[in-house]
Amino acid sequence: EEERRVRANAREYNEKFQYASNCIKTSKYNIVTFLPVNLFEQFQEVANTYFLFLLILQLIPQISSLSWFTTIVPLVLVLTITAVKDATDDYFRHKSDNQVNNRQSQVLIGGILRQEQWMNVRVGDIIKLENNQFVAADLLLLSSSEPHGLCYIETAELDGETNMKVRQAIPVTAELGDTSQLARFDGEVICEPPNNKLDKFGGTLYWNENKYPLSNQNMLLRGCVLRNTEWCFGLVIFAGELRQQLLLCCTEGRERHPLMRSCSPGPDTKLMQNSGRTKFKRTSIDRLMNTLVLWIFGFLVCMGVILAIGNAIWEHEVGVCFQIYLPWDEGVHSAFFSGFLSFWSYIIILNTVVPISLYVSVEVIRLGHSYFINWDKKMYCAKRRTPAEARTTTLNEELGQVEYIFSDKTGTLTQNIMVFSKCSVNGHSYGDVQDMLGHKAELGERPEPVDFSFNPLADPRFQFWDPSLLEAVKLGDLHVHEFFRLLSLCHTVMSEEKSEGRCGAGSSPVGHRTLSLTPMLSTGELLYKAQSPDEGALVTAARNFGFVFRSRTPKTITVHELGQAITYQLLAILDFNNIRKRMSVIIRSPEGKIRLYCKGADTILLERLHPVNQDLTSITTDHLNEYAGEGLRTLVLAYRDLEESYYRDWSERLHRAGSAPEAREDHLARLYDEVEHDMMLLGATAIEDKLQQGVPETIAILTLANIKIWVLTGDKQETAVNIGYSCKMLTDDMTEVFVVTGHTVLEVREELRKAREKMMDASRSVCNGFSYQEKLSSKLTSVLEAIAGEYALVINGHSLAHALEADMEVEFLETACACKAVICCRVTPLQKAQVVELV
């Protein structure tokens, strides 16, 4: 499928393409296929194949020395026990599939909303979702109950993040709020074919002889949950399971469809594309037993050959003299053929050498283990009243074979509850706890927090300990004002004011991380709905210091600056992503001045500053290193004034790039990169994200089990190292912590080799004089065994990029795997995946 064409409210048109239904299937068997498929899987066990072969031999009278039932009974018993266990596991998969497929959804059919099962939803249908409902398929958002076609979703089932994200309908469909308007909607979407990229979507909507570009911001993916939105309507673009597709010749529409037939395995929706197909998994014990059985079978063959040769020699030298009394069997005419038949007879007689009972024992033990896991009181979560559940009985022992644990930092080791802690503005650092005399407080002292009572819109739950920052705001420090103005404008947070006593959708428990930062106002409650806790913390800080973000539309942002309401025109939003590592907005002030505000990672922004910022950059960098050393998450803030003529030209090019049918994201990235240069530095922020309870104790226990921890994070090196010490992943008792920061392949290779040589040199005396070359030439496992002492490795993202190159992989792997702990900083999601795959 080269492209997808979907026409709204036109099932007959869409059925010509034979798009997938919305029925999902994660089970492996059905009633017809269970017996052949399960037997095929079981006969991949070497022992089962061997005993089947043995059974066939026993059915041949000339060589059979034992009754055939002595083999078939234990074989059938083993196959039956395993089949019952597999059938039970698959029954629960069928049960889960049926539960999902039979969920109800409101589908617009013939201008009327009808209740339909999810499995009956088709591509091109318009469906209605209500608050807290799961999204049934991958939808193009058409309209919602919120202003400007906005809606809020939780994507925990897709990416594990519980914070809400905002999606918005394109303006032309946002006003289609009732079923009669939507029933007349006949727009056609031409977009990319199904793929597994959760954060990317490209397409175009054709309607009323106009075309409108579509992006991921307009999509609701299957698996998401609608939150804090009463209702929304969406057009089904991708449905559940992909079948063989036939694209028919059709002259309808703007273009003639190519005749193309493709058989593509796998599902259509991005959730199912990322799930993969259910496959037969084999544990390390299964592989070991197969290997042992092969060796035992080889030993059995050798014994059979030796005994067959002995039989042939005896028959040739001695047995031939006794033909009168002991004639050969019918069909045997020579000593050689007698020996050949004897070989197979010995294979049958000695078959007990191969332990079929071992497989039975392992299956029974696995079943027992799964019940022990379910019954384990220490694995019971009293808070959620949830016991551990062994979802499969075939992989239990793999839990004891874990050697490496790969972990993210934010939200895994930490609580993902962000608190604005410190900041640097124009070379001045704010946020240190101060005593009554204005001096830096000693460790353990905690005076009264800053009083924000002057601000009726302040959040009473927000606390800050340095009054000098508030004094700078009150004294009219222009740099401080611009700092907080940037924080109140450069974000994607949504605000909502609830009237007092009203229990709206905003009280949904999933929003607790964002909603905990909201004050009670005399007119009601101001709610901030942030896509990330970082943004929520920064906007709340600006709010308390007098720069209160109040509302936004697709074209404006309204901020109360020290009590005065000011509306800025929002000209463009340059979105954050994991490659750019920054976000910008372009706004026009009431005076007509156009300014770009940008916030992002220090490694990215500091190289995009105007040369005039050199001295300020040096001071701010020192502050950043100080904050990162305390384990705080840092961001750099900058701005740039734009000429009217330049902006007009840039905006036209941006519009053309947004409508480009191909390479749209590359065109946009180049334009974003162009405008985010020669910026003026404003300062930096530092946000605290505390460790989760029990993390140090958990890591200590895992270390005792000889499990190695790898933390893969996008944070600064200093921040990650500080967290590493806080959670006892790194300790002062370690022999050495190696830091790799090379910018070239040669530098990285040299640093890795020096680290490995240090480990080997320190271990040489322990290893009874074995030389380094002898150890290095052995297998990786031998190298690891030779290491004495505990080491850790810290590597930056730019160094890791070189370390993951083909000719460097082994070098990096040997060094890293010899360390007790590894921290990879400033890494992208792609690099995280590459590291996990490599190890």
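A residue counts as partly exposed when its relative accessible area lies between the limits for buried, under 20%, and exposed, over 50%. In the present model, which is predicted, Phe69 has a relative accessible area of 47% and therefore falls into the partly exposed class. Phe69 is placed in helix α4, which comprises residues 69-101. The C-alpha atom of Phe69 lies 8.5 Å from that of Leu55, a residue 14 positions away along the chain.

Confidence was examined for the chain as a whole and for individual segments. The protein chain has a mean pLDDT of 83, with 87% of its residues at 70 or more. Two segments with pLDDT under 50 are residues 242-266 and residues 769-780. For residues 242-266 the model contains 63 contacts beyond four places in sequence. For residues 769-780 the corresponding number is 17.

An open sheet is formed by 4 strands in the order β1-β8-β9-β10, and their pairing is antiparallel. Strands β1 (4-7) and β10 (210-214) occupy the edges; each has a single partner strand, so one side of each lacks a neighbour in the sheet. From one strand to the next, the twist averages 20°. Within this sheet, β8 (residues 188-191) and β9 (residues 203-207) run antiparallel and are joined by 4 bridges. Glu188 is positioned opposite Tyr206 of β9. In general, pairing between strands of a sheet takes place through backbone hydrogen bonds, in either a parallel or an antiparallel arrangement.

Annotated positions were considered next. In an unreviewed UniProt entry, Asp408 is listed under "active site". The "binding site" annotation, also from an unreviewed entry, covers a set of residues including Asp408, Lys409, Thr410, Glu535, Lys599, Thr713 and Lys832. Others in that annotation are Phe576, Arg633, Gly714, Asp715 and Arg826.

Asp408 is situated in the loop that connects β16 (404-407) with β17 (414-425). Its relative accessibility is 31%, so Asp408 counts as partly exposed. Apart from neighbours within four places in sequence, Asp408 is in contact with Leu413, Leu712, Thr713 and Lys832. With Lys832 there is a polar contact between side chains, at 3.4 Å.

Lys832 belongs to helix α27, residues 829-838. At 23% relative accessibility, Lys832 is likewise classed as partly exposed, because that class begins where buried, under 20%, ends. When neighbours within four places in sequence are left aside, the contacts of Lys832 are Asp408, Leu712, Thr713 and Val827. Leu712 and Thr713 thus appear in the contact list of Asp408 and in that of Lys832, and Thr713 is itself covered by the "binding site" annotation.

Lys599, a further residue of the "binding site" annotation, is found in strand β26, which spans residues 594-600. Its relative accessibility is 7%, and Lys599 therefore counts as buried. The Lys599 side chain reaches the backbone oxygen of Cys490 at a distance of 2.9 Å. Not counting residues up to four places away in sequence, Lys599 touches Leu486, Cys490, His491, Glu535 and Leu538, and also Arg582, Met583, Leu605, Val636 and Leu637. Of these, Glu535 is also covered by the "binding site" annotation.

Note on methods: Residues are numbered from 1 along each chain as its sequence is written. This is a predicted model: local features need pLDDT of at least 70, side-chain atom pairs count only at pLDDT 80 or more; totals for chains, interfaces and linings use all residues. Side-chain values use heavy atoms; hydrogens and water are left out. Two strands pair if DSSP finds at least two bridges between them. Helices (H or I, at least four residues) and strands (E, at least two) are DSSP runs, numbered from the N terminus. Axes are lines fitted to C-alpha atoms, for helices over the stretch in contact, and angles run from 0 to 180 degrees between N-to-C directions. Buried means under 20% relative accessible area, exposed over 50%, partly exposed in between (1.4 Å probe, protein chains only). A polar contact is a pair of N or O atoms within 3.5 Å; within protein, one must be able to donate a hydrogen and the other to accept it, and residues adjacent in sequence count only if both atoms are side-chain atoms. Contact means heavy atoms within 4.5 Å. UniProt positions are given in the numbering used here, feature names are shortened, and annotations may be inferred rather than shown by experiment. pLDDT is the predictor's confidence in each residue, from 0 to 100.
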